[in-house]
There are 2 protein chains.
Amino acid sequence: MPRTKGDHEARRREVSAAVWQVMATRGFAGLTLRAVAAELGATTGLLTHYFPTKRALVAYALDLLEERTLARPRRTTGAGLASVRDALLDILPLTPEATDSNRIWVSSWDASLSDPELSADYARKYAQSRDRLRERVIAAQELGELPPGDPAEIASAAQAFVLGLVVQSLFDPAAYPPERQVQLLDDHLARLASARG
Amino acid sequence: MPRTKGDHEARRREVSAAVWQVMATRGFAGLTLRAVAAELGATTGLLTHYFPTKRALVAYALDLLEERTLARPRRTTGAGLASVRDALLDILPLTPEATDSNRIWVSSWDASLSDPELSADYARKYAQSRDRLRERVIAAQELGELPPGDPAEIASAAQAFVLGLVVQSLFDPAAYPPERQVQLLDDHLARLASARG
């Protein structure tokens with residue numbers, strides 16, 4: 001039977017789902033053709049058709065992570081401080097999907113820190129994320145919801161806080177259930193709002 | 001010539017230094033017998049004497065990380081808020097040695113998140129670290145240097161903030177030179193100190 005484009009796309013989606021599942025469970029360190037084949041119930045031979053090398057598999061996994069991160073739903077509950085809060089909530093592992101995604105991001109830090117090109121790419125992405133957050137901080141300051149003060153510093157601090165909270169929540173989900181993560185974030189924002197300018 | 005205990009200890013130190021250097025450069029994902037052998041200028045055959053399996057090498061590397069972390073010099077500039085600041089400064093990558101050590105910690109997150117036992121061990125260590133920080137927060141509150149407020153929440157938030165700052169500083173050392181890291185930490189502490197209790 002001839003293979004159609006639809007078959008190809010369907011198989012590609014299955015492979016992506018298997019790669020994602022392996023990363024969420026074993027991290028990049030456990031991402032091997034053998035593990036993806038087992039997840040897929042296929043032979044490693046079939047997979048070498050998609051990923052001739054380990055490097056190709058890792059590159060695909062990183063693209064998948066980026067793609068799924070960009071495609072994730074975003075909160076838009078309001079302007080100013082509400083939009084700062086939205087952006088930070090969007091990062092936290094508050095759902096099983098967001099937990100998998102964060103688990104994979106944290107795992108990818110090791111690979112990217114060892115690769116100067118990838119590391120520069122990550123640094124650029126985090127800087128862009130800080131810039132977007134800074135714009136929201138400025139809007140909150142203009143609305144009088146945050147006191148004056150260097151918006152870049154406030155954005156950097158909020159980003160650091162949320163990334164660290166991601167790591168703690170991944171290691172200790174019992175100590176950091178979603179409601180505690182949200183409470184810690186809201187306490188952080190309340191301190192920002194009540195700080196002297 | 002007979003091998004003495006001194007020879008053995010000296011060789012062990014050389015092996016440790018090589019394992020450390022490989023982890024600082026390539027992370028746990030790049031930690032292989034071959035890489036350690038190359039760093040040491042030795043054969044992989046010699047190394048299998050020390051590490052019969054990859055698992056043994058990783059276990060050794062994790063012990064080394066723990067040992068060096070425990071042995072690192074600690075700041076003790078004062079009581080109360082100064083001691084909260086000391087504990088947080090001790091974590092940040094403010095020197096080349098602390099940068100290597102943090103690089104290795106971040107790298108170890110991937111391996112430990114994939115291993116339930118190791119993951120539980122990390123969760124325990126981070127909880128202990130928060131408890132120690134909480135004691136310092138309470139002391140600062142008793143001295144009137146921090147407003148009243150749940151000391152466990154303040155400790156959790158400070159730990160998250162510093163861990164996230166570690167990650168950002170590793171990816172973007174140009175944007176986060178030591179003086180900027182210290183400034184961000186001091187801004188965080190100033191907000192804590194000026195917050196309404």
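**Note on a predicted two-chain helical model**

1. A search of the whole structure, which is a predicted model, yields 20 salt bridges over all chains, a salt bridge being a side-chain nitrogen of Lys or Arg within 4 Å of a carboxyl oxygen of Asp or Glu. One of them joins Arg103(B) to Asp110(A), with the closest N and O atoms 3.4 Å apart. This pair crosses between chains, from helix 6 of chain B to helix 6 (residues 96-113) of chain A.

2. Conventions are as follows. Local features need pLDDT of at least 70 and side-chain atom pairs count only at pLDDT 80 or more, while totals for chains, interfaces and linings use all residues. Residues are numbered from 1 along each chain as its sequence is written, chains are lettered from A and ligands numbered from 1 in the order in which they are written, and side-chain values use heavy atoms, with hydrogens and water left out.

3. The secondary structure of chain A amounts to 9 helices and 0 strands, where helices (H or I, at least four residues) and strands (E, at least two) are DSSP runs numbered from the N terminus. The C-alpha trace of chain A spans about 70 × 35 × 30 Å along its principal axes.

4. A turn of 180° with a shift of 0.0 Å along the axis lays chain B on chain A with an RMSD of 0.0 Å. That is the relation of a two-fold axis. The superposition is by least squares on the C-alpha atoms of residues with pLDDT of at least 70 in both copies.

5. Each side of the contact is counted in residues: 44 from chain B and 44 from chain A, contact meaning heavy atoms within 4.5 Å. Of the interface residues of chain B, 100% are also interface residues in chain A, so the copies meet through the same surface. Between them the two chains bury about 3700 Å², 59% of it on carbon and sulfur atoms; buried area is the accessible area (1.4 Å probe) that two parts lose on being put together, summed over both.

6. Between chain B and chain A the count is 6 salt bridges. Another residue pair joined in this way is Asp172(B) and Arg130(A), whose side chains meet at 3.7 Å, N to O. On the side of chain B that touches chain A, the elements giving two or more residues are helix 1 (5-26), helix 6 (96-113), helix 7 (116-142), helix 8 (151-171) and helix 9 (178-194) of chain B. Helix 8 of chain B supplies the largest share, 15 residues.

7. Aromatic pairs number 13 over all chains, with ring centres of Phe, Tyr and Trp (its six-membered ring) within 6.5 Å, and planes under 30 degrees apart counted as stacked, over 60 as edge-to-face and the rest as tilted. Tyr126(A) and Phe171(B) form a tilted pair, 5.8 Å centre to centre with 45° between the planes. This pair runs between chains, from helix 7 (residues 116-142) of chain A to helix 8 of chain B.
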